[in-house]
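Q: Could you take one helix and its surroundings and walk me through the close-up? I'd like the burial, the charge pairs and the neighbouring nonpolar parts, with cut-offs spelled out as you go.

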Amino acid sequence: MDVPHDGTGLSAELPEEYVEDITGSVLLLQVIGASSACAMIFGGVVPFIPQYYEIKRTNNSDGFSLYVCLALLVANILRILFWFGKRFETPLLIQSMIMIVTMMVMIRLCVEVRRNHVILKVRDRVLSANEDIMERKNMDLRFFWKWTDFQSYVDCTMLMAIVGSIVTYMLLDVPIFVEILGFSALLTEALLGVPQLQRNYISKSTEGMSVTMVLMWTAGDVFKTLYFLVRDAPFQFWLCGILQVSVDMAILSQVHLYRHNVPAHHSSRSD
C-alpha cells in the first residue's frame, strides 16, 4: 500500500500509533527533566535534615562543624554572583538561594544549643559591638565563625554578599574574573566536607555526625556530577563535582575507621 507523500518526499501523514509513541516519549522526557530539576533544587538541602534532627534529639552540636555552613554560604553566594557573568540553568540558581536559607537555619540551631550548654558564664564573642571592640577582641581571627550570637553570623554573611556584589559589578566585563569566580564558587562547595573530615580526624571519632547525612551527600553529589555532564554544564561544575564525591568517600571511610572510638570528652564523663 502506497503512503501519501507531500512535495518534500516525506509522508504527509504519520500512523496514529507512531504519533502516540512520539507524544508519550516527549511527555516522559518532560517528566524526567522536571524531576531532575526538582532533585537538583532540593537535593542539596535534604542531607541536612537528618543532621538537624540529630542535633535536636541529642541537644548536642559538637559532632557537626559550623565551617561546613561557612563553606556552603561562601560557595552559594559566589555561585549566584557567577550567574550574572555566565548564565547557567535556573534550578542551580534556585538551589543556591535555598541552600543559603538552610545554612542559616542550621547555624541558628547550633548557636542555640551551644548557648544552652554553657555552664560557666563567659564573655560573649560577637562580630561587632558598639563599645570596647578591641578590649573584647571581637575581631580576633581566633574567634572568627565561633561567635556566640546568631546575629553575628547573619551580619558576616550579609557583609560577604555586599562586598562580593560590589566587586562583581565592577569586574563583570572581565572574562577571566568571571571564570575565576565560577571556579572559586564550585571549588569551595567541593571542599565543604573538609571541615567535617578534619573534625573527625582530630577527635578520632564520628560521634554526633549523622552518617545518613554523609550518605545522602554522596548520593546527591554523584547524581549532581552526572547531571552536570549530561546537561553539558560549564566544566567548573563537573570537575568540582568529582572532587566533592572524593571528599564524601573519605568521610565515609572515617566512619568505618573510627567506628569503635569514643571521643575523649564522653569517656571522661563516664569516669
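**Around helix α7**

A: Let's start with Ile 180, which counts as partly exposed because its relative accessibility is 49% (buried is under 20%, exposed over 50%, partly exposed in between, with a 1.4 Å probe and protein chains only). Bear in mind that this is a predicted model, where local features need pLDDT of at least 70 and side-chain atom pairs count only at pLDDT 80 or more, while totals for chains, interfaces and linings use all residues. Residues are numbered from 1 along each chain as its sequence is written, and side-chain values use heavy atoms, with hydrogens and water left out.

Ile 180 sits in helix α7 (helices are DSSP runs of H or I, at least four residues, strands are runs of E, at least two, and both are numbered from the N terminus). For orientation, the protein has eleven helices and zero strands, so to speak an α-α-α-α-α-α-α-α-α-α-α pattern when you read along the sequence.

Ile 180 also belongs to a nonpolar surface patch of about 1,200 Å² (residues with over 30% relative accessible area and no salt bridge; nonpolar side chains, Val, Leu, Ile, Met, Phe, Trp and Tyr, are joined within 5 Å, like charges within 9 Å; areas are Shrake-Rupley with a 1.4 Å probe, and for residues only the protein chains shown count as cover). Among the other members are Met 158, Leu 159, Tyr 169, Met 170, Val 174 and Ile 176. Two elements give two or more residues to the patch, α6 (150-171) and α7 (175-190). The largest share is from α6, with nine residues. Zooming out, the protein exposes about 16,100 Å², and carbon and sulfur atoms supply 65% of that area.

Now for the charges on α7. Glu 179 forms a salt bridge with Lys 86, with 3.0 Å between the closest N and O atoms (the rule: a side-chain nitrogen of Lys or Arg within 4 Å of a carboxyl oxygen of Asp or Glu). Glu 179 lies in helix α7 while Lys 86 is in the loop between α3 and α4, so the pair ties together parts that are 93 residues apart in sequence. Both ends are partly exposed: Glu 179 has a relative accessible area of 27%, and Lys 86 comes in at 31% relative accessibility.

Glu 189 is a second charged residue on the helix, and Lys 224 is its salt-bridge partner, again at 3.0 Å between the closest N and O atoms. This pair links distant parts of the chain, Glu 189 in helix α7 and Lys 224 in helix α9, 35 residues apart. Here the ends are buried: Lys 224 has a relative accessible area of 7% and Glu 189 has 6%. Lys 224 forms another salt bridge, with Asp 221, where the closest N and O atoms are 3.5 Å apart. Those two are three residues apart in helix α9, so about one helical turn separates them. Asp 221 counts as buried too, because its relative accessibility is 6%. Shared partners join Arg 79, Glu 189, Asp 221 and Lys 224 into one salt-bridge network. The total for the protein by this rule is six salt bridges.

While we're on α9 (residues 211-230), Thr 218 lies there as well, and its 11% relative accessibility is why it counts as buried. Leaving out residues up to four places away in sequence, Thr 218 touches Asp 248, Met 249 and Leu 252 (contact means heavy atoms within 4.5 Å).

Finally, the inside. The largest nonpolar core has 55 residues, and those with the most contacts inside it include Phe 48, Trp 145 and Trp 217 (a core is buried Ala, Val, Leu, Ile, Met, Phe, Trp, Tyr and Cys joined through side-chain atoms within 4.5 Å). Helix α7 is among the elements giving two or more residues to this core, as are α6, α9 and α10 (235-257). The most comes from α3, with 13 residues. Domain 1 (45-123 + 146-188) and domain 2 (192-261) both contribute, so the core lies between them (bounds from an automatic or database domain assignment). Take Trp 145: beyond residues up to four places away in sequence, it touches Leu 66, Tyr 67, Leu 70, Leu 73, Ile 107, Tyr 153, Cys 156 and Thr 157. Over the protein's 271 residues, 38% are buried.
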